[in-house]
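Reader: Please take me closely through one part of this model, setting out how its elements lie against one another and which residues make the contacts. I would then like the account to go on to a second element, described in equal detail.

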Amino acid sequence: MARWCLGAAVGLMLLVAATLPAGAKSPTMRPLVGAYYYLWNPENFAGGTLRAHLVPPQLPAGSLVNSASPRTAARDITNARKAGINFFAIDWWPYDAGYSGADYRDADDAMRSFLKAPNISQMRFAMFYETWNLGFDPGRESTPVTFQMELHFDADMTSFAKDFFHNPSYLRIDGRPVVFLYLTRTLTGDVAGMIQGARTVLKRLGFNPYFIGDEVYWRVTPENPNPAGPILTTTPQVDRIEQFDAITSYILYYGDPDWLLGPTNDFTGYPGTTNIVADERHLMSEYSAATDGRVPVIPDIASGFNDRGFRLPTNHPAQPRQWLPGEGPASTLDHLFRCVAIPEVSPALPVVMVTSWDDWNEDTGIEPIGGTPTDVDDSPSGTAYTQSYTYGGEGRKALTVLRADVTLLDRRFAAGGNGRAAASQASSCR
């Protein structure tokens, strides 16, 4: 099942220790780079993908991206490490038969396969929890906190603690196991009770979780909505944000035509012709300022976005992987990393997230992709899915670009940790 799309300070040395095997020492301090990782392939191809509609089709054989295979995990770990990725935030769905009708506890089977990868010691991982599946209301774009929901959340966090937190490869910040929570920006009601309750439950098990909320976005749901008022707001919800140890965004793509709630024009046409860099940096700075820096903001960047193979009727504009016409298939990723992530990375929590490693439904994946470059698809017009942008034949270009950008990030922090000043001086960041 494809996702529904809306489109406390920590020492750097502690983060370095979190990425290294026990007993290992690093000669230099460096930030972390993580990527969102999915365990739903190849089953999720059935939901629809852009690549299946290309001419010629360029969807990989299911056996090559089998989430139930330790060999797939081992290959992905090897490739990700070469690209400079330190950890995967692994997607996990809470089970709610009354809401979704599907049993996402099967994800545990895929997790067991992932953890059997022979090179698992080379990659850290954290759980990426689909919070919205506890009871999302699409009409109000909200996930109301209820007593039953809190009990469900506590049970799932307890399961994480027992099944994963003890794993030597589990990502920790300052000794605390990290959990990413998706779409917390839709939570309404007693969010503090929900999060603090889970902290209490986990404390009894000997854990102090490091919760990272998905709060940074152009529009969010008010934590305490007025039934007679607007459903959405552009104002950061400080009380909700302060329940988390850090915040980020899953993706900043905004495909809604309502320009009053987001920069629609930034996601129409080639990114290099828009104000996307300035607008994304301003948004991250706004969220940091909302708590006077008390809750660090983790920048997230994406390789592009195209969900037209999955939800064509919504008519979301594609965000091409090419920054400008004629540029390479990883140029959007490159520019956003250098011009948004590096200048906005928090000195208090130097982490960068990449969306994603292997989401084919929204075509954000950076894992190696074969094929032949084409802008033609199998629609009657030949461009309904591609919107005349080129896809296919990317190969390992995203990994090569990412490796160079991560090296740049490391070098700038090693030189003084002032990524913001250094990146702002780059002439190509406009």
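**Helix α9 and its partners, then strand β8**

Author: In this predicted model, helices α9 and α10 cross in a right-handed sense. Helix α10 spans residues 397–414, and its axis lies 9 Å from that of α9, at an angle of about 20°. Because angles under 35 degrees count as roughly parallel, α9 and α10 are roughly parallel to each other. On the α9 side the contact is formed by L333, D334, F337, R338 and I342, which meet A398, V401, L402, D405, V406, L408, L409 and R412 of α10. Sorted by class, this contact of α9 with α10 holds 9 nonpolar and 4 charged residues, with no polar ones.

Helix α9, residues 331–344, also packs against helix α7, residues 276–290, here with the axes 10 Å apart and again at an angle of about 20°. That angle makes α7 roughly parallel to α9, and the crossing of this pair is right-handed. From α7 the contact draws on V277, E280, R281, M284 and S285, while α9 contributes L336, C339, V340, P343 and E344. The classes in the contact of α7 with α9 are 6 nonpolar, 1 polar and 3 charged residues.

The second element is strand β8, residues 210–214, where 5 of the 5 residues are buried, so that the strand is largely enclosed by the rest of the structure. In a regular strand the side chains alternate between the two faces of the sheet. In β8 both faces are covered, since Y210, I212 and D214 on one side and F211 and G213 on the other are all buried.

Strand β8 has neighbours in β6 and β9. With β6, residues 176–181, β8 pairs in the parallel sense over 4 bridges, and L181 stands opposite G213. With β9, residues 246–248, β8 also pairs in the parallel sense, over 3 bridges, and there G213 stands opposite I247.

Residue I212, which belongs to β8, shows these surroundings at the level of a single side chain. Its relative accessible area is 2%, and since buried means under 20%, I212 is therefore buried. Leaving aside residues up to four places away in sequence, I212 touches V178, V179, F180, L181, A246, I247, T248 and I298. One of these, V179, is 33 residues away from I212 along the chain, and yet the C-alpha atoms of the two are separated by 6.2 Å.

Definitions and conventions:
Residues numbered from 1 in each chain as written. Predicted model: local features only at pLDDT ≥ 70, side-chain atom pairs only at ≥ 80, totals over all residues. Heavy atoms only, no water. Buried < 20%, exposed > 50% of the residue type's maximum accessible area, 1.4 Å probe, protein only. Helix = DSSP H or I, 4+ residues; strand = E, 2+ residues; numbered from the N terminus. Pairing = 2+ DSSP bridges. Axes fitted to C-alpha atoms, helices over the stretch in contact; angles between N-to-C directions. Parallel < 35°, antiparallel > 145°, perpendicular 65-115°, else oblique. Left-handed = near helix turned anticlockwise from the far one by under 90°. Contact = heavy atoms within 4.5 Å. Nonpolar A, V, L, I, M, F, W, Y, C, P; charged D, E, K, R; others polar.
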